Amino acid sequence: MVMQLTVDHLSFCYGARPIIQDVSFQAQGGKILGIIGPNGSGKSTLLKLISRVLVPAHGRIQVDGEDTSQWNPRQLARVMAVVPQDTQIYFDFTADEIVEMGRSPYLGRFQAMSPRER
């Protein structure tokens with residue numbers, strides 16, 4: 001499944017301080033997109049907006065032409081996951097187990113992944 005992410009005229013402020021101003025781009029599934037810039041330039045804020053941790057002041061985010069602001073959290077989790085660089089895990093999980101946690105939107109309550117799905 002190849003998806004397309006569209007960020008359309010996105011803007012965001014922390015209080016009165018503008019952080020993201022009129023940002024637009026498209027990212028095609030199966031391609032690599034890098035976001036570069038100096039510290040404090042809004043890279044992490046942009047990712048938080050795309051993943052709906054933050055709400056944009058203006059603009060919209062679409063996946064395959066659908067506005068993600070209309071999706072419930074489970075729908076969003078089925079197409080997107082973010083692991084922040086400053087995440088602290090307080091349990092002894094392997095990297096595979098942490099990645100498998102991203103599959104939870106596809107599983108029922110108390111259902112585990114089969115070895116074949118891993």
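Hi everyone. Before we walk along the chain, one definition: helices and strands here are DSSP runs, at least four residues for a helix and at least two for a strand, numbered from the N terminus. With that in hand, the order of elements from the N terminus is β-β-α-β-β-α-α. That comes to three helices and four strands. Please keep in mind that we are looking at a predicted model.

A little on the chain as a whole. The protein chain has 118 residues, and 22% of them count as buried. If we take contacts between residues at least 6 apart in sequence, 49% join residues at least 24 apart.

Let's go to the sheet. What is the order of the four strands? They run β2-β1-β3-β4 in an open sheet, and the pairing is antiparallel. On the edges sit β2, residues 17-28, and β4, residues 66-67, each pairing on one side only.

We can take the pairs one at a time. β1 and β2 are antiparallel and share eight bridges. If you want a spot to click on, Val-7 stands opposite Phe-25 in β2. These two strands make a hairpin with two residues between them, and in its turn Gly-15 has a positive phi of about 65°.

On to β1 and β3. β1 covers residues 4-14 and β3 covers residues 58-63, and five bridges join these antiparallel strands. Two places to look at are Asp-8, which stands opposite Arg-60 in β3, and Ser-11, which stands opposite His-58 in β3.

Then there is β3 with β4, again antiparallel, joined by two bridges. Here Gln-62 has Asp-67 in β4 as its bridge partner. This pair is also a hairpin with two residues between the strands, and Asp-64 takes a positive phi near 50°.

While we have the strands on screen, a general reminder: in a regular strand the side chains alternate between the two faces of the sheet.

Now for what packs on the sheet. Helix α1, residues 43-50, lies across β1, β2 and β3, and it runs at about 120° to β1.

A good residue for seeing this is Ile-20, in strand β2. Is Ile-20 buried or exposed? Ile-20 has a relative accessible area of 5%, and the cut-off for buried is under 20%, so Ile-20 counts as buried. Leaving aside neighbours within four places in sequence, Ile-20 is in contact with Leu-10, Ser-11, Phe-12, Gly-42, Thr-45, Leu-46 and Leu-49. Take Leu-49 from that list: Ile-20 and Leu-49 are 29 residues apart along the chain, and their C-alpha atoms are separated by 9.7 Å.

Just after that helix, we meet Ser-51, in the loop between α1 and β3. Why does Ser-51 count as buried? Because its relative accessibility is 15%, and buried means under 20%. Which residues does Ser-51 touch, beyond its neighbours within four places in sequence? Those contacts are Leu-76, Met-80 and Val-82.

Two of those names come back in the next part, the largest pocket. The largest pocket has a volume of about 970 Å³. It is lined by 32 residues, and the closest to its centre are Leu-47, Ile-50, Met-80, Ala-81 and Val-82. The elements giving two or more residues to this lining are β1, β2, α1 and α2, the last of these being residues 73-79. Which element gives the largest share of the lining? That is α1, with five residues. As for the chemistry, the lining divides into 20 nonpolar, eight polar and four charged residues.

Last stop: helix α3, residues 95-101, where we find Ile-98. Compare its accessibility with the two residues we just discussed. Ile-98 has 27% relative accessibility, which lies between the 20% and 50% cut-offs, so Ile-98 counts as partly exposed. Beyond neighbours within four places in sequence, Ile-98 is in contact with Ile-89 and Phe-93. You can also find Val-83 from here: Val-83 and Ile-98 are 15 residues apart in sequence and 9.5 Å apart in space, C-alpha to C-alpha.

To wrap up, keep three pictures: an open sheet in the order β2-β1-β3-β4, helix α1 lying across β1, β2 and β3, and a largest pocket to whose lining α1 gives five residues. Thanks, and I'm happy to turn the model around for anyone who wants another look.

Notes. Residues numbered from 1 in each chain as written. Predicted model: local features only at pLDDT ≥ 70, side-chain atom pairs only at ≥ 80, totals over all residues. Heavy atoms only, no water. Pairing = 2+ DSSP bridges. Contact = heavy atoms within 4.5 Å. Axes fitted to C-alpha atoms, helices over the stretch in contact; angles between N-to-C directions. 1 Å grid on protein atoms, 1.4 Å probe; cavity = no way out; pocket = protein on both sides within 12 Å on 5 of 7 lines; lining within 4 Å. Points joined across faces, edges and corners; volume = space filled by probe spheres on them. Nonpolar A, V, L, I, M, F, W, Y, C, P; charged D, E, K, R; others polar. Buried < 20%, exposed > 50% of the residue type's maximum accessible area, 1.4 Å probe, protein only.
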